[in-house]
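The following paragraphs lead through charge pairing, cysteine chemistry and surface patches in one protein model. Please keep the sequence and the coordinates in view while reading.

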Amino acid sequence: MKNTAFIALIVLPMLAHAQDDLVRKVESNKSYTTIKNDDDRSKYHFNTLINLEHTAVCNQASSGTCWSYSTNSFLESEMMRMGKEPIRLAEIYSARCVYMDKAVAYVRMHGSISWGDGGECHDVINMYAKYGAVPQEVYTGLQYGTSKNKFAEMQALLEGILKAVVANPNGKLTPSWQKAYNDVLDSYLGAMPEKFKWDNKTYTPKSFAEERVGIHPEDYVELSSFTSDPYYKKMVLMVPDNWAFARVYNVQMPDLTDIIDNALSKGFTVAWAADVSEKYFSWKNGVAYVPEKDYEDMSDTEKKYMFDGPKDERVITPEKRQTAFDDYETTDDHGMHIVGQAEDQNGKKYYIVKNSWGENNDYKGYIYVTKAYVQYKTTAILLHKNGIPNRLREKMNM
């Protein structure tokens, strides 16, 4: 007989602290060179080529809600692109909606989907369509005595409830579990607002989404790239946090960066989901690239100076990308927001990426990411369909 109590004690803290573990994992990825001033910033010198409108950097703190922070940031840029007043949207409102729907799915699947804070870019769009949106000031999600997100205790309680429900001790489920589950969410995040005032007008979350945010959810598409499925068709995104089994368009690997380039040139930003748990992703120095050598094959000197200025990169192929995904080298770690493009002193192009880990890095919360890294480590991108080149939209019958 399995000792389920023992398993729960092991699993719950691991899930609850996944975000903190990810940040700690990349903390040591930094240049050996001491940065003395702006001119000596890791020996990189960036020239901004495109810098689209976006809101300020936020901090998701101890919560695995990067997908909500990045995609709500994306929606804020969409508002600005449409000429609307930028309003910081409540990331935890979107997350709260997901926690409710995911719990129902978890029980219906007898616990056979992943649990935790994680989600995907499409979750924000889907929750927007179903439940609307609210300003951050209306729903901060901070009802438990802290000024920043700290979800470990809440998630332990939520998963404990769900595991008890799935164990089905009564032999038949009662409707009471959903009330108990939502009571925990209310205690930690606050009750969902049915109506609220904003700018001297009363809104519901749905009316606020329609009148103030103003996007049309059907205009937004998600894409990825895998050799395992037909190109330019939809497929299920096979990552654990895709609890809704959402389908995305499958494009060829070079299409990913062609789409991002086209979108940025036309004023569209991009929500980006990717693997960041690599030795060549430096949050501290704000740079991510794909070195020619594997980290294990580098000398100590090469490791020390990985981020001490631009380096040559390995050539990424669709086969390498697929292998990295299939052998768990590429995992669905983190969601961010691509807001522009720059070039280094050698003319190499980088994407300007807004993160949600606060401003404690060399570029005040932003990261410069090469095209090779995006082609290799992207798990999905989400954007307005009009940001996709016409030739690719035609191939996808979009």
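Lys-179 is exposed in this predicted model, with a relative accessibility of 57%. The partner of Lys-179 in a salt bridge is Asp-183, and the closest N and O atoms of the two lie 3.0 Å apart. Asp-183 is itself partly exposed, at a relative accessible area of 34%. Both residues belong to helix H7, which spans residues 176-189, and their spacing of 4 residues places them about one helical turn apart. In general, side chains of opposite charge can pair when their charged atoms come close.

Which parts of the chain does the salt bridge between Lys-385 and Asp-219 tie together? The closest N and O atoms of this pair are 3.6 Å apart. Lys-385 sits in the loop between strand S13 (378-384) and helix H13 (390-395), whereas Asp-219 sits in the loop between helix H8 (205-213) and strand S4 (220-224), so the contact ties together parts that are 166 residues apart in sequence. The two partners fall into separate accessibility classes: Lys-385 is partly exposed, with a relative accessible area of 24%, while Asp-219 is buried, with 16%.

A further salt bridge is formed by the side chains of Asp-261 and Lys-371, with an N to O distance of 2.6 Å. This pair also links distant parts of the chain, since Asp-261 belongs to helix H9 (residues 253-265) and Lys-371 to helix H12 (residues 371-377), 110 residues away. Lys-371 counts as partly exposed, at 28% relative accessibility. Elsewhere, Glu-85, Asp-199 and Arg-212 are joined into one network by salt bridges that share partners. Across the whole structure, a search finds 17 salt bridges.

The cysteines call for a separate account. How many disulfides does a search of the whole structure find? The search returns 0. For Cys-97, the nearest cysteine sulfur is that of Cys-121, 17 Å away, and Cys-97 is in no disulfide. Cys-97 is buried, at 0% relative accessibility. Why does Cys-121 not bond to the cysteine whose sulfur is closest to its own? That sulfur belongs to Cys-66 and lies 8.4 Å from the sulfur of Cys-121, which is too far for a bond, because a disulfide requires the two sulfur atoms to be within 2.5 Å. Cys-121 is likewise buried, with a relative accessibility of 1%.

The surface offers two patches to inspect, one nonpolar and one negative. Met-109, Val-236, Met-238 and Phe-245 make the nonpolar patch, which covers about 390 Å². Within this group, Met-109 is found in the loop between helix H4 (91-108) and helix H5 (121-131). Met-109 is partly exposed, at 37% relative accessibility, and so passes the threshold of over 30% relative accessible area that applies to patch residues.

The negative patch is formed by Glu-296, Asp-297, Asp-326, Asp-327 and Glu-329. One of its members, Asp-327, is located in the loop between helix H11 (318-326) and strand S10 (334-343). Asp-327 has a relative accessible area of 45% and is classed as partly exposed.

Technical notes:
Residues are numbered from 1 along each chain as its sequence is written. This is a predicted model: local features need pLDDT of at least 70, side-chain atom pairs count only at pLDDT 80 or more; totals for chains, interfaces and linings use all residues. Side-chain values use heavy atoms; hydrogens and water are left out. Patches are made of residues with over 30% relative accessible area and no salt bridge: like charges are joined within 9 Å, nonpolar side chains (Val, Leu, Ile, Met, Phe, Trp, Tyr) within 5 Å. Accessible areas come from the Shrake-Rupley method with a 1.4 Å probe; for residues, only the protein chains shown count as cover. A salt bridge is a side-chain nitrogen of Lys or Arg within 4 Å of a carboxyl oxygen of Asp or Glu. Lys and Arg count as positive and Asp and Glu as negative; His and the chain ends are not counted. The place of a charge is taken as NZ of Lys, CZ of Arg, CG of Asp or CD of Glu. Helices (H or I, at least four residues) and strands (E, at least two) are DSSP runs, numbered from the N terminus. Buried means under 20% relative accessible area, exposed over 50%, partly exposed in between (1.4 Å probe, protein chains only).
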